[in-house]
Amino acid sequence: MLGSERPYKLYHTGYTPYDITHASDNFQKLYDLAVDLIRRGHAYVCHQKVEELKGHNVPPSPWRDRPTEESLVLFERMKKGIFAEGEATLRMKMVMEDGKMDPVAYRIKYTPHHRTGDEWCIYPTYDYTHCLCDSIENITHSLCTKEFQARRSSYYWLCNALDVYCPVQWEYGRLNLTYTVVSKRKIIKLVETGVVRDWDDPRLFTLTALRRRGFPPEAINNFCARVGVTVSQTTTEPHLLESCVRDVLNDTAPRAMAVLEPLKVTITNLPKDTKMDVRVPNFPANEDKGTHTIPFTRTIFIEQSDFREVMEKGYKRLTPEQPVGLRHAGYVISVQKVIKDSQGKVVELEVTCCSSETAEKPKAFIHWVSQPLVCEVRLYERLFLHKHPEDPSEVPNGFLSDINPNSLQVISSALVDISVKAAKVLDKWQFERVGYFSLDPDSTTDQLVFNRTVTLKEDPGKI
């Protein structure tokens, strides 16, 4: 069995943990072991203030050699709530690898616990709890990031001091990514200051955020396999992870069509009551994977960027002089009239259509929608402007000063074809020619909300 701080996160990497446990499950056992540690002469009750324990070369506690029976009585009083917060702690008689002397094992805190309520007013510290919970739960290997290497000696010391089973602690280098922060304290600061909504904000790189954004477990595992495990601190570019996401979604995300910036198109040579069913393959490269049907009517919508009033060199899509094909529809359209509003903005095109079998082959085929769903689409970019937002040489004023103001763009009236109407939260699609998208938990029966997981291709400017 492997120990983990956050075993529930394994669910999103495709694994089911053997069990999910909490330190609070063992509060009574941990207390009993603390009493035993005092009896063995390895712990004592101390009255030094927090301020006195900070810094380097802290002098030994004047209560370090107090009698065992006295510490037992005082620890019992701590448990009964006789002391105020900060008035007493239980400390272990050992020196850690970083030189810290006699780390605290128990503190007084009169705050209800989210699992045990008001049952306890003394709580064990990480240095005390980590190894003993692993021992109680028969963990074979405790896997920690490199910063916990300094605590390895205390991990082994405490198990041996109590003569209990001692698991093995292994450390590995934390996988860091550029253009983000992965420190819990910094993420909390981002949440508290309102930069991001919560720990699952899709601009973060927590597992819950990646899940909400639509990153499949297989992609995360493939990425980790590619970069490997090392004891060195490594920093990796996000585009490597995004490449793994594209590889998986290309084979697993069915296709649909969506228009983010709609331009109305009226096909004038079709009757007003025209309505045809167009069959679209879920995976154009493998039509054996099924199809879906969408309507085609006299009025369709295309992307504004797929039309230009003035022809430019190299532009292959729709212009007044250049026809374009409609994907899957079997039609080629040609512009007859450009309609503008009072400010001169193009608001509608009147076109004619002809069968793609009889027309000259167009230079391009574009996506479109007809009788679509109106949806919200959220487009995400990097949260920070600089590669290393925590590096003072790059960002002198701290990571909170480096927030990308364009990290989130919300399109409230995107149009998506009706094939997605039965979507479930976290279902994934490729919107043809647009990107990969996942249905967000904010979706309602009245409005679907899609998160862009990744673009179809890597933007060379991001590498």
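Reader: What makes Glu-171, Tyr-172 and Arg-174 contacts of Thr-145?

Author: In this predicted model, Thr-145 touches Glu-171, Tyr-172 and Arg-174, with residues up to four places away in sequence left out of the list. A contact is called when heavy atoms lie within 4.5 Å, and Thr-145 itself belongs to strand β6, residues 141–145.

Reader: Why is Thr-145 called buried?

Author: The relative accessible area of Thr-145 is 13%, and buried means under 20%, so Thr-145 is counted as buried.

Reader: How do you know whether its contact Tyr-172 is buried, exposed or partly exposed?

Author: Tyr-172, which is found in strand β7, has a relative accessible area of 32%. Because buried means under 20% and exposed means over 50%, the value for Tyr-172 falls in between, and the residue is therefore called partly exposed.

Reader: What makes Tyr-172 eligible for the nonpolar patch on the surface?

Author: Patches are made of residues with over 30% relative accessible area and no salt bridge, and Tyr is among the nonpolar side chains that can be joined; Tyr-172, at 32%, passes that area cut-off. The patch is formed by Leu-143, Val-168, Trp-170, Tyr-172 and Val-229, which together have about 480 Å² of accessible area, and strand β7 (residues 168–172) gives the most to it, with 3 residues.

Reader: Why is the pair of Phe-75 and Tyr-106 called edge-to-face?

Author: A search of the whole structure finds 14 aromatic pairs. In the pair of Phe-75 and Tyr-106, the distance is 5.3 Å centre to centre, with 70 degrees between the planes. Rings pair if their centres lie within 6.5 Å, and planes over 60 degrees apart count as edge-to-face, so both values meet their cut-offs. Phe-75 lies in helix α2 and Tyr-106 in strand β4, so the pair ties together parts that are 31 residues apart in sequence.

Reader: How do you know that Trp-429 and Phe-450 form an edge-to-face pair?

Author: Their ring centres are 5.8 Å apart and their planes stand at 80 degrees; set against the limits of 6.5 Å and 60 degrees, these values make the pair edge-to-face. Trp-429 lies in strand β22 and Phe-450 in strand β24, and both residues are buried.

Reader: What makes β15 and β19 edge strands of their sheet?

Author: The open sheet has 6 strands in the order β15-β12-β18-β17-β16-β19, with mixed pairing. Strands β15 and β19 each have a single partner strand, so one side of each is left without a neighbour in the sheet. For β19, 2 bridges join it to strand β16, and the two run parallel; as two strands pair if at least two bridges are found between them, this link meets the requirement.

Notes. Residues numbered from 1 in each chain as written. Heavy atoms only, no water. Patch = residues over 30% accessible without salt bridge, like charges linked within 9 Å, V, L, I, M, F, W, Y side chains within 5 Å. Areas by Shrake-Rupley, 256 points an atom, 1.4 Å probe, with all protein chains shown as cover. Salt bridge = Lys/Arg side-chain N within 4 Å of Asp/Glu carboxyl O. Helix = DSSP H or I, 4+ residues; strand = E, 2+ residues; numbered from the N terminus. Buried < 20%, exposed > 50% of the residue type's maximum accessible area, 1.4 Å probe, protein only. Phe/Tyr/Trp six-rings, centres within 6.5 Å; stacked < 30°, edge-to-face > 60°.
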